[in-house]
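User: Got a minute to go through this one with me? I'd like to talk about ring contacts, holes and charge pairs.

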Amino acid sequence: MNLYLRKTNAASTKLVQTLALALLLFSGISSASLLMKPINDSDLEYNHTMLTGNYIDSVTTPEEILGFPVGQRIAEPYQIEEAIDIWSGQSNRIKVIEYARSHEDRPLFAVFISSPSNLARLDDLESQINRLADPRNLNEKEAQAIINQLPAVAWMAYSIHGNETSGADAAIAAIYHLAASEEPSIAELLDNMVVVIDPLMNPDGRDRFAKSLEQYRGTAPNVDDQSLLHRGDWPSGRTNHYFFDLNRDFFYLTQPETRGRVELINRWRPQLMIDGHEMGPQDTYLMGPPRQPLNDNIAPSLQKWGEIFAEDQAGAFDKKGWRYYTGEWFENWYPGYSNYAEYRGSLHILYEQSRMAEDGVRRPEGTIQTYMESVHHQFVSTMANLTSLATHSKAMYADYWQSRKQNIASFGKFANRSYVILANDNHGRIETLVDRLLAQNIEVYMATKDIQVKNASNQMGETLNNTLVTAGSLVIPNRQPEAPLVAAILEFDAKVKREVLVEERQRNLRDGSSVMYDTTAWNLTMMYGLPAITVPFNMTKDLMPYEAPKEPINSLDSSAIMWSVDGADDRSVAFAARLMEQDIKVRIVDKSAEFSNQKLNRGSVVITVTDNPNKAMLVDQIKATADELAIEVKSLSEGLGDRDLPDWGGQHFRLLSKPQLAIISHGAFSSYDVGATWWSIDHNLGIRHSQIDQAALTRNDLRRYNTLLMPTNYGQLNKSQLSALKVWVQQGGTLIAHAQSAGSLATKDGLGSVRQIGDTFEKSADYDISLQREWLSLQDNVEMKDVMQHTLNTEVAYPWSDTPKPLSKDQLKKRDQWQKRFMPSGAIVAGRTDQQHWLTFGVDETLPLLYGDQPVLMSDDKSEAVVRIGVISPDDSSSAEQASNAFGWSTIPTGHKLTVRMSGLLWPEAAQRVANSAYLTRERLGRGQIILFSGEPNFRGSTRGANRLLLNAIVYGAGLGTSAKVEL
């Protein structure tokens with residue numbers, strides 16, 4: 001169903017208004033008798049004109065289309081679409097491209113504005129721009145010839161956050177001004193420039209916010225920025241349909257708005273890309289350039305041009321008497337904003353206008369800044385930047401050409417480095433990663449045979465003497481045209497200057513503030529949970545360009561006794577879930593097996609004939625589901641496992657139960673995490689589920705669900721809500737909680753035995769013994785003579801025998817209070833996983849985990865620590881101590897080391913605090929179970945490794961972790 005049904009036109013709107021007024025007059029009821037007329041406030045009058053000069057009469061004005069002057073109030077998405085549609089038919093300076101559709105089926109447009117002659121040769125211009133981008137096939141003379149004839153190209157984008165509305169309204173003014181102005185300066189600008197205006201980057205979010213404004217609008221103007229009119233309510237209009245922040249998605253590419261936008265931006269490689277935002281209502285106006293930390297992979301020439309453009313933009317504001325600033329909180333380290341284009345050679349400029357959602361906002365100095373003024377600021381910035389580009393375009397092209405040559409230089413910055421993603425059986429996840437790389441024009445190769453490499457470094461920071469790159473591994477040489485972006489998203493650690501770290505630590509200690517605006521780690525292989533290495537040379541031999549695998553042709557043997565898909569592949573979880581939705585009984589193998597000479601990885605999904613005796617279409621349903629997921633099905637005709645491997649009737653073939661899901665949301669729940677969880681279910685599984693309001697939790701019949709998800713909640717459930725959940729779990733439910741929700745359950749007033757670290761210091765030794773027990777359960781250290789001797793052994797070693805004296809409760813508490821100050825804003829840490837637990841199906845022994853300022857969970861013998869922080873490995877260094885090494889509450893086994901940090905800023909104090917803590921726990925409560933994630937397992941839809949843990953919990957939890965229910 002098309003959800004976008006609000007499109008109308010100005011004529012029909014005026015007709016409805018006229019009829020309504022006539023009906024009102026006819027009925028003899030005056031509007032004054034219904035609502036009081038507001039008192040006039042002269043401070044709300046904005047007496048400056050945004051659109052000046054002469055305009056072509058045949059081009060309809062914005063006011064005629066909207067029904068009000070542009071900037072007086074926000075234009076809704078359907079009105080912006082209508083304006084673009086009208087103008088594209090009236091002006092020969094406009095060509096419109098629809099580059100995507102939102103989840104709610106609203107169109108996203110790129111409006112190309114230039115002279116008619118330039119618009120007529122857009123295909124040729126695009127081709128020449130892309131020729132200039134690849135110096136491998138171009139010499140200096142050819143490059144200069146292209147530069148001489150290319151017009152400037154600008155991409156002007158607005159309101160990626162739907163409740164930051166002024167940018168899109170300024171875009172309306174800019175489109176009209178460029179398309180209809182009769183001023184010679186505009187004609188000259190368009191003769192030498194292609195302006196691409198992306199006026200509505202998040203139509204679903206803007207529509208949601210527009211509805212909120214309509215809902216909370218009164219008769220009198222509202223200038224209180226605390227009111228619901230200005231702030232909106234849950235989940236606000238900032239995000240898209242699935243509550244994703246689209247301005248963090250530019251290389252993760254999870255959302256349709258981003259994928260379409262990036263594809264078109266990458267084709268046009270604009271010289272200038274602006275991104276029009278808003279910030280706090282009591283602020284002023286921020287413009288580029290940013291301050292440190294700056295990502296080391298951005299070309300220095302772009303920083304130079306950023307300062308030049310800022311001078312022109314600041315001058316334009318000075319003329320108007322408008323206040324502004326640059327830098328301050330604006331850093332440029334994380335490459336996932338719209339500034340990803342900088343890594344491809346574009347100058348990126350951020351606009352941050354103080355937010356006036358409607359009417360205006362009263363400021364501390366007593367004045368009111370109106371919404372129209374905020375739109376005017378964005379419009380003036382737009383025109384100032386376009387004027388600067390017109391002046392400097394040729395010099396910027398020359399710098400661009402020089403930078404592109406450096407990207408492929410044999411002795412350049414990116415010359416001697418290749419990134420390798422090692423071959424593995426998780427084909428679905430690998431294909432998703434390759435899709436993201438290819439979408440950015442990154443060149444990907446495959447090893448055609450096994451390759452031995454020396455001195456490679458792994459994700460744990462170790463340099464390896466020899467590494468085997470097996471055939472089928474992916475190789476991404478850094479020396480290629482998109483080298484800066486390749487390095488930015490694939491290098492294991494982003495470089496940062498020492499002075500930045502000094503300032504960060506000083507600010508943290510002084511007042512708890514930070515110079516970091518976003519997460520400090522984002523390596524794509526780690527986010528995806530895929531094993532990778534960095535090779536210190538440019539790999540070229542025994543490689544072939546990546547070719548997508550052909551979809552399997554599943555020809556199932558109808559006489560088989562069971563059919564299976566590989567549990568190493570993430571798509572196997574969807575296979576199981578979608579078959580259960582069709583009421584097919586499904587099993588899972590919790591141990592590696594082999595039947596009919598075909599190997600099954602741990603976690604493989606199996607459908608047997610004996611479980612489904614009356615399913616006449618069983619084989620057809622299995623095939624259709626597998627084909628839909630492009631996953632291979634194995635037909636197995638024997639149930640006897642090879643030697644000691646599982647047989648099909650034994651305990652390792654575990655029956656699953658169909659998940660009946662609900663996500664608890666609203667209230668103080670994080671809309672980001674609710675959305676990421678919701679999207680993960682829809683995107684990865686496509687099965688039915690519900691969202692239920694926290695406020696109605698005790699009134700709902702929870703018996704309808706066997707699995708409840710609690711995303712991050714910044715509030716607390718009340719006692720009656722906790723009691724209802726406890727009873728539900730005890731009766732057989734699976735409760736899955738993330739981050740702060742998990743933290744609220746991990747208290748003495750919560751549910752279960754897991755605790756936050758601050759509540760465990762009285763029993764720290766018991767937690768350490770549980771840790772040692774887990775470690776010893778994996779060791780092969782049985783001495784036969786000691787076990788089989790007849791006399792009493794008086795020298796038995798206990799886990800606590802050689803440990804140093806533990807710290808006291810007060811010492812641990814004092815240390816923890818200090819360590820808390822240094823918790824990361826987003827670093828990647830090493831998780832060690834329990835490879836015998838069903839929650840870790842499809843997950844490697846070491847799992848990179850994105851870790852922020854989140855609850856530090858502690859698990860003892862009453863619960864299962866499925867994933868802990870830190871990887872224990874032998875310490876071969878000469879400084880390795882002979883006794884156990886203790887820090888805080890836990891100890892490291894003798895002769896071993898613990899690796900915690902993988903990427904990003906993780907202060908040593910924070911590393912000590914989280915080391916050996918639990919990231920994922922599971923424990924029984926009555927007939928049900930509680931599963932706690934310390935963090936958000938599907939952060940921005942891109943922590944694919946941790947998300948597999950979540951999918952396992954969602955789909956397998958009802959069958960594997962609770963008491964089996966027999967239907968009589």
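**Charges, rings and a cavity**

Analyst: Sure. Let me start with R261: its relative accessible area is 0%, so R261 is buried. Keep in mind that this is a predicted model.

User: Which side chain does R261 meet in a salt bridge?

Analyst: That would be D198, with an N to O distance of 3.0 Å. The two come from distant parts of the chain, 63 residues apart: D198 sits in strand 4 (residues 193-198) and R261 in helix 11.

User: And D198, buried or exposed?

Analyst: Buried, because its relative accessibility is 0%.

User: What else goes on in helix 11, say with E263?

Analyst: E263 makes a salt bridge with R267, and their closest N and O atoms are 3.7 Å apart. Both residues belong to helix 11 and are four residues apart, which is about one turn of the helix.

User: How accessible are those two?

Analyst: E263 has 40% relative accessibility, so it counts as partly exposed. R267 is partly exposed as well, at 30%. Compare that with D198, which is buried at 0%.

User: How many salt bridges does the structure hold?

Analyst: There are 54. One of them pairs E774 with R868, with the closest N and O atoms 2.7 Å apart. E774 is in helix 23 (residues 764-776) and R868 in strand 35 (residues 864-869), so this salt bridge ties together parts 94 residues apart in sequence. Both E774 and R868 are buried.

User: Which residues are joined into one network by salt bridges that share partners?

Analyst: E164, R238, D245, R248, D518 and R940.

User: OK, switching to rings. How many aromatic pairs turn up?

Analyst: Searching the whole structure gives 25. Take F250 and Y340, which are stacked, with 5.4 Å between ring centres and 20 degrees between the planes. That pair also links distant parts of the chain, 90 residues apart. F250 is in the loop between helix 10 (228-231) and helix 11 (256-268), while Y340 is in the loop between strand 9 (331-332) and strand 10 (347-354).

User: Are F250 and Y340 buried or exposed?

Analyst: F250 is at 0% relative accessibility, so it counts as buried. Y340 is at 0% too, and is therefore buried.

User: What about Y798 and W800, how are their rings arranged?

Analyst: Their centres are 5.2 Å apart and the planes meet at 15 degrees, so this pair is stacked. Y798 has a relative accessible area of 45%, so it is partly exposed. W800 is partly exposed because its relative accessibility is 48%.

User: Which residues form an aromatic cluster?

Analyst: F251, Y252, W333, Y334, Y337 and W522 make up one cluster.

User: Where do charged ends sit over rings?

Analyst: Two cases to look at. R73 places its charged end over the ring of F68, 5.7 Å from the ring centre. R505 does so with W907, where the charged end is 4.9 Å from the centre of the ring.

User: New topic, holes. How many cavities of 30 Å³ or more are there?

Analyst: Six, from a search of the whole structure. The largest cavity holds about 100 Å³ of space.

User: What lines the largest cavity?

Analyst: Its lining is I757, F761, L812, R815, D816, Q819, F887, G888, W889, S890, Q912 and R913. By type, those divide into five nonpolar, four polar and three charged residues.

User: Which helix gives the most to that lining?

Analyst: Helix 25, with four residues. Helix 25 (809-820) and helix 26 (908-914) each supply at least two residues of the lining.

User: Last one: where's V754?

Analyst: V754 is in the loop between helix 22 (739-745) and strand 31 (755-756). At 1% relative accessibility, V754 counts as buried, because the cut-off for buried is under 20%.

User: And how far is V754 from R73, the one with its charged end over F68?

Analyst: They are 681 residues apart in sequence, and 51 Å apart in space, C-alpha to C-alpha.

Key:
Residues numbered from 1 in each chain as written. Predicted model: local features only at pLDDT ≥ 70, side-chain atom pairs only at ≥ 80, totals over all residues. Heavy atoms only, no water. Phe/Tyr/Trp six-rings, centres within 6.5 Å; stacked < 30°, edge-to-face > 60°. Buried < 20%, exposed > 50% of the residue type's maximum accessible area, 1.4 Å probe, protein only. Lys NZ or Arg CZ within 6 Å of the ring centre and 35° of its normal. 1 Å grid on protein atoms, 1.4 Å probe; cavity = no way out; pocket = protein on both sides within 12 Å on 5 of 7 lines; lining within 4 Å. Points joined across faces, edges and corners; volume = space filled by probe spheres on them. Nonpolar A, V, L, I, M, F, W, Y, C, P; charged D, E, K, R; others polar. Salt bridge = Lys/Arg side-chain N within 4 Å of Asp/Glu carboxyl O.
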